[in-house]
Amino acid sequence: MVQAKKIALYVIVIFVLYTIITSPARAADLVQIGFEGVSSAAQSVGDFMTELVK
């Protein structure tokens, strides 16, 4: 089971590196979209907590 996890991790790392090398602009766009999603989720949680306290 541990070997399967290592292999899966290596495959994911290789895929990410391949994506970054072959199309860095697209990879940057995907990272930006991911960060915007996380930021939006954090903002929503903050708004919810603020309203909960009021």
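Colleague: In which helix is T19 found?

Modeller: This is a predicted model, where local features need pLDDT of at least 70, side-chain atom pairs count only at pLDDT 80 or more, and totals for chains, interfaces and linings use all residues. Residues are numbered from 1 along each chain as its sequence is written, and side-chain values use heavy atoms, leaving out hydrogens and water. T19 is found in a helix (a DSSP run of H or I, at least four residues, numbered from the N terminus), namely helix α1.

Colleague: Is T19 buried or exposed?

Modeller: Buried means under 20% relative accessible area and exposed over 50%, with partly exposed in between (1.4 Å probe, protein chains only). The relative accessible area of T19 is 19%, so T19 is buried.
Of the 54 residues of the protein, 4% count as buried. T19 is one residue that is buried.

Colleague: Which residues is T19 in contact with, leaving aside neighbours within four places in sequence?

Modeller: A polar atom of the T19 side chain lies 2.9 Å from the backbone oxygen of F15. Beyond four places in sequence, T19 has contacts (heavy atoms within 4.5 Å) with P24 and A27.

Colleague: Is I21 buried or exposed?

Modeller: I21 is found in helix α1, residues 2–22. Because its relative accessibility is 67%, I21 counts as exposed.

Colleague: What is the radius of gyration of the protein?

Modeller: The C-alpha trace spans about 50 × 35 × 5 Å along its principal axes. The radius of gyration is taken over C-alpha atoms, and the globule rule is 2.2 Å times the number of residues to the power 0.38. A compact globule of 54 residues would have a value near 10 Å, but the protein has 18 Å.

Terms used:
Helices (H or I, at least four residues) and strands (E, at least two) are DSSP runs, numbered from the N terminus. A polar contact is a pair of N or O atoms within 3.5 Å; within protein, one must be able to donate a hydrogen and the other to accept it, and residues adjacent in sequence count only if both atoms are side-chain atoms.
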